[in-house]
Amino acid sequence: MKALVGMLAGVLLLCGAGSAVGVRVWTSAVVDTRGKVDFVNRLAVPPLAQSRIDERGRRVFDLRAQPGRRDFGRGGPTPTWGYNGDYLGPTLRAKRGEEVLVNVANGIGEPTSVHWHGMHLPAAMDGGPHQMVAPGATWSPHWRVDQPAATLWYHPHPHGETEQHVYRGLAGMFILDDDESARLDLPRRYGVDDIPLIVQDRAFESDGRFDDGTGELGGIGILGDTLLVNGTVAPYLDVPGERVRLRLLNGSNARTYDFGLADNRSFALVGTDGGLLTAPHQTRRIRLSPGERAEIVVSMRPAERVTLRSYPPESGLDFFNRRFTGGSDTFDVLQLRAAGTLQPSPEVPTRLAPIERLDPASATTTRRFDLAGRDINGRRMDLGRIDAVVTRDSTEIWEINKVDGTPHSFHVHDVQFQVLSVAGREPPPELRGWKDTILLEARRPVRIIARFADYADPDMPYMFHCHLLRHEDQGMMGQFVVVEPGQRPGRPPAAGAGHAGHG
Ligand code: C2O
Ligand code: CU
Ligand code: CU
């Protein structure tokens, strides 16, 4: 509804022909930074988080959410939040089979949580809205890493506040390794030829503060006209070898990107949200909605400079919805600067990781999720309500359908899923690997399949939701529990428990 009102406001302003405000609103709705970014700042690479092994053999990390200030060169220092620093957080890294424990300390003076996006782990460790960390408190979830090598991430998930917490800078990458990926000839020197890229758009006030975007027309929340990559404005990256692996994370609140190189060369897509593909997919574009990841390998020639760009993403929106939700925008993202003499890098392997296809015939349940407005199946998030009960060790098919004109996506906690079909057709190559988040297009239903292998807990739910963070905050989210066969769902912790300070 708000989206519609916002759009009507935009249209009305425009119709007041000659209205200066209307013209301003209209023109400011399209951003195009092609050729306008000077790339004067060396790309910051988030440090790898320090860890230690405790007496029980667990790899222990420490994260502290804290306030800070960062000068982005946009009018003055910006008040920010970060983990162990002023903006974003260190990259956590662990290997399949390891037990990890993360001490999450809350130093921001209000309740927050940390969710491990893409991680398969018990619901009580998931860091969703039921695992709030009070100001001054420390929460110490632990689990065994039990999934393929992948580029995951972490971010706050406090119900109703996620948009603002992420926007102020709370997010980081979580890289998983395994034996198979270690044997592959892919670039793997972190920060050298294996580069995390957390891409976020921000809007600045004239004094340097982040504009919180409350005036947006598109109803999807904050859309900025300035791109940050790992917190760096106008970044460049020195590339020492013939190939560079980029781990792209769309860490933005609302914006969808369609990444490609400015000279339209192709690159190898080698991984998606939940791990490596079975084989590289040579392509010129990769579209990522908020929360999605892609690993790509780009080949370079000596001494060249090539720009990573985001092109207007095609996602089946009508003209107005497209224009007011960033769908017509173009950004120069990052300049890759090749050394004069490039170190040789091996060809991208033709086979990457095995992916066992989940068989639709093995599914015991098919569920439907219709997304419209801020509702899923006509309902908004209720922390005290269980929307779906899944039996442990079962396979399910979920059919997800967006039935309005606003952009939405769908993200599922706990599992990585496979896409069976999009609008009744075989998924394109970029949707044939493991996924945990997918952009929806109007009336092109997506069928996904997932196995809920373990971690039954009748009382503690996992979330599924639209990953446009304002929508999520406004209630476009639901909860499912995983139970033992025959077990009945229990009750989630009382709504609001651990929620002091939230409206
Ligand atoms: Cu990335 Cu439920 O979130
Ligand atoms: Cu998640
Ligand atoms: Cu949405």
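Trainee: Which residues line the second largest cavity in this predicted model?

Mentor: The lining of the second largest cavity is made by Glu396, Trp398, Val412, Val415, Phe417, Ile448, Ile449, Ala450 and Phe452, and the space inside comes to about 40 Å³.

Trainee: How do you know which elements give two or more residues to that lining?

Mentor: Strand 27 and strand 31 are the elements that do so, and strand 31 provides the largest share, with four residues.

Trainee: What makes residues of this lining count as nonpolar or charged?

Mentor: The class follows from the residue type, because Ala, Val, Ile, Phe and Trp are among the types counted as nonpolar, whereas Glu counts as charged; on that basis the lining of the second largest cavity divides into eight nonpolar, no polar and one charged.

Trainee: Why are strand 27 and strand 31 said to be joined?

Mentor: Two strands count as paired if there are at least two bridges between them, and seven bridges join strand 27 to strand 31 (residues 446-452), the two running antiparallel. One of the partnerships sets Glu396 against Ala450 in strand 31. Strand 27 also pairs with strand 24 (residues 365-372), in the parallel sense and over seven bridges, and there Arg368 stands opposite Glu399 in strand 27.

Trainee: Why is strand 27 called mostly covered?

Mentor: A residue counts as buried under 20% relative accessible area, and eight of the nine residues of strand 27 (residues 394-402) are buried, so "mostly covered" describes this strand.

Trainee: How do you know where the largest cavity lies with respect to domain 2 and domain 3?

Mentor: Domain 2 (186-343) and domain 3 (360-483) both contribute residues to its lining, so the largest cavity lies between them. Its volume is about 110 Å³, and 14 residues line it, with Thr256, Ser315, Leu317, Thr325 and Pro407 nearest its centre.

Trainee: What makes His408, Cys466 and His471 donors of the copper ion (ligand 3)?

Mentor: A donor is an N, O or S atom within 2.8 Å of the metal, and ND1 of His408, SG of Cys466 and ND1 of His471 lie at 2.0 to 2.2 Å, so these atoms meet the cut-off. Along the chain the donors follow the spacing H-x57-C-x4-H; His408 in strand 28 (residues 408-412) and His471 in helix 6 (residues 469-473) are 63 residues apart, and the pair links distant parts of the chain.

Trainee: Why is His408 called buried, and what about His471?

Mentor: The relative accessible area of His408 is 0%, and His471 also has 0% relative accessibility; because the cut-off for buried is under 20%, both histidines count as buried.

How values were computed. Residues are numbered from 1 along each chain as its sequence is written. Chains are lettered from A and ligands numbered from 1 in the order in which they are written. This is a predicted model: local features need pLDDT of at least 70, side-chain atom pairs count only at pLDDT 80 or more; totals for chains, interfaces and linings use all residues. Side-chain values use heavy atoms; hydrogens and water are left out. Donors are N, O and S atoms within 2.8 Å of the metal (3.2 Å for Na, K and Ca); water is not among the atoms, so sites may look incomplete. Buried means under 20% relative accessible area, exposed over 50%, partly exposed in between (1.4 Å probe, protein chains only). On a 1 Å grid over the protein atoms alone, a cavity is a set of points where a 1.4 Å probe fits but cannot get out, and a pocket is an open set with protein on both sides within 12 Å along at least five of seven lines; lining residues have an atom within 4 Å of a point. Grid points are joined across faces, edges and corners, and a volume is the space filled by probe spheres set on the points. Domain bounds come from an automatic or database domain assignment.
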